[in-house]
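Here is a brief report on one protein model. Keep the sequence and the 3D view open as you read.

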Amino acid sequence: MKNWRLNNVTESAFEKTGPIPRSIAKTFEKFKKELEPNSESEIIEEFRVSRYQTASSIKYLVLLVTVPLLINQASKSLVFSPFIDYFWNDNQSDIFLNESQEERAFSELQRFEEKIHFEILIGQSPPLSQETIDKEIKNKAIELAQFYVQESTDAIKNLLADILAFITFAYLIFTGGRQIAVLKSFINELIYGLSDTAKAFLIILFTDIFVGFHSTHGWEVVLENGLRHFGLPENRDLIFLFIATFPVVLDTVFKYWIFRYLNQVSPSAVATYHEMNE
């Protein structure tokens with residue numbers, strides 16, 4: 001019974017699109033099944049398959065999320081962190097991994113010094129001797145050095161732990177052929193079960209988030225934090241080049257998918273999308 005369910009779900013996952021929209025074909029198929037004498041038993045069996053498909057898909061999704069995340073955190077804390085902290089503190093004299101960190105540190109130190117002088121000039125702080133000011137600046141410099149040493153070591157740990165987590169995720173995907181088929185079928189049924197308005201709303205939402213006119217600032221924030229996460233230099237030219245090209249490519253992929261795939265399986269959803277997007 002379990003193998004029959006998996007085969008049934010797998011076949012639906014790789015079902016090809018035909019000249020007739022899938023929504024119309026499924027409506028006629030459902031009407032035909034309801035007229036058959038043994039339709040009641042088939043409906044019960046379909047419900048069992050759907051319940052198995054839902055439970056299996058949720059379990060596999062949880063597995064895909066939790067296992068790489070646990071591997072990431074455990075390897076970072078128990079394996080990479082002690083080794084990198086020891087190596088960096090004992091054998092590495094550098095504070096920064098790249099010039100971007102230096103620029104941020106120098107900018108913060110300069111701003112701190114200017115803030116001291118500004119507060120003295122406007123009377124918010126009592127007059128201080130140059131020796132006291134130099135001492136405050138030195139303490140701030142030590143504090144910044146400690147912060148960026150920690151940021152540098154964290155970046156190396158993040159890189160190694162993320163690589164290990166990605167390998168784990170890829171292994172789960174590579175070895176989970178049937179689970180992937182069940183998950184794909186579950187997602188297809190979930191999407192096809194939505195109304196045309198809901199489908200069009202989700203398409204507009206995702207396209208506006210990732211390729212909308214206001215998405216450039218979001219991509220900039222994501223790229224800056226991503227580069228900082230891995231300790232890579234924050235090259236502004238590279239960031240702007242990515243923002244100028246990738247959303248355009250993504251927008252083309254979205255439009256091709258709507259034209260080539262969604263227009264076949266659910267033309268009414270495409271019509272609703274165009275009406276909502278006008």
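## Overall build

The protein has 10 helices and 0 strands. This is a predicted model. Along the sequence, the pattern reads α-α-α-α-α-α-α-α-α-α. Of its 278 residues, 28% count as buried. The protein exposes about 19100 Å², and carbon and sulfur atoms supply 64% of that area.

Sequence-distant contacts make up much of the count. Take contacts between residues at least 6 apart in sequence: 78% of them join residues at least 24 apart.

## Annotated spans

The UniProt record carries the annotation "transmembrane region" for residues 60-80, 163-183, 201-221 and 239-259. How do residues 60-80 look in the model, helix or strand? The chain there is 100% helix and 0% strand, with end C-alpha atoms 28 Å apart. Residues 239-259 are likewise 100% helix and 0% strand. Their end C-alpha atoms lie 30 Å apart.

## Helix α4 and its neighbours

Helix α4 covers residues 99-121. Its 23 residues should span 33 Å at 1.5 Å a residue, and the end C-alpha atoms are indeed 33 Å apart, so expectation and model agree.

Which residues of α4 are buried? They are Ser100, Gln101, Arg104, Ala105 and Ile116. The buried residues of α4 pack against two helices, α5 (130-175) and α8 (215-229).

Ser100 sits in α4. Its relative accessible area is 11%, which is under the 20% cut-off, so Ser100 counts as buried. Set aside its neighbours within four places in sequence, and Ser100 is in contact with Pro233 and Glu234.

Arg104 is another buried residue of α4. Its relative accessible area is 18%. That value is under 20%, so Arg104 also falls in the buried class.

## Salt bridges

The count comes to 8 salt bridges. Three of them are listed here, with the closest N to O distance for each.

| Pair | N to O distance |
|---|---|
| Lys157 and Asp85 | 3.0 Å |
| Glu151 and Arg104 | 2.8 Å |
| Asp154 and Lys157 | 3.8 Å |

Start with Lys157 and Asp85, which form a salt bridge. The pair links distant parts of the chain: Lys157 belongs to helix α5, Asp85 to helix α3 (residues 39-91), and 72 residues separate them. Is Lys157 buried or exposed? Lys157 is buried, at 4% relative accessibility. Asp85 is partly exposed, at 26%.

Next come Glu151 and Arg104, whose side chains meet in a salt bridge. Glu151 lies in helix α5 and Arg104 in helix α4, so this pair ties together parts that are 47 residues apart in sequence. Glu151 has a relative accessible area of 15% and is buried. Arg104, at 18%, is buried too.

The third pair is Asp154 and Lys157, joined by a salt bridge. Both residues lie in helix α5, 3 residues apart, which is about one turn of the helix. Asp154 is partly exposed, with a relative accessible area of 25%. Why does Asp154 count as partly exposed? Because 25% is neither under 20% nor over 50%, Asp154 falls in between.

Some salt bridges share partners. These join Arg104, Glu151, Arg228 and Glu234 into one network. Glu234 has appeared already: it is in contact with Ser100.

## Helix α6

Helix α6 runs over residues 177-192. At 1.5 Å a residue, its 16 residues should span 22 Å; the end C-alpha atoms are 23 Å apart, which agrees. Its buried residues are Ala181, Val182, Leu183, Ser185, Phe186, Asn188 and Tyr192.

## A nonpolar surface patch

Which residues make the nonpolar surface patch? Leu194, Phe201, Leu202, Leu205, Phe206, Ile209 and Phe210 make it, and it covers about 580 Å². One of them, Leu202, lies in helix α7 (residues 196-211). Leu202 has 33% relative accessibility, so it counts as partly exposed.

Methods. Residues are numbered from 1 along each chain as its sequence is written. This is a predicted model: local features need pLDDT of at least 70, side-chain atom pairs count only at pLDDT 80 or more; totals for chains, interfaces and linings use all residues. Side-chain values use heavy atoms; hydrogens and water are left out. Patches are made of residues with over 30% relative accessible area and no salt bridge: like charges are joined within 9 Å, nonpolar side chains (Val, Leu, Ile, Met, Phe, Trp, Tyr) within 5 Å. Accessible areas come from the Shrake-Rupley method with a 1.4 Å probe; for residues, only the protein chains shown count as cover. A salt bridge is a side-chain nitrogen of Lys or Arg within 4 Å of a carboxyl oxygen of Asp or Glu. Helices (H or I, at least four residues) and strands (E, at least two) are DSSP runs, numbered from the N terminus. Buried means under 20% relative accessible area, exposed over 50%, partly exposed in between (1.4 Å probe, protein chains only). Contact means heavy atoms within 4.5 Å. UniProt positions are given in the numbering used here, feature names are shortened, and annotations may be inferred rather than shown by experiment. The expected span of a helix is 1.5 Å times one less than its number of residues.
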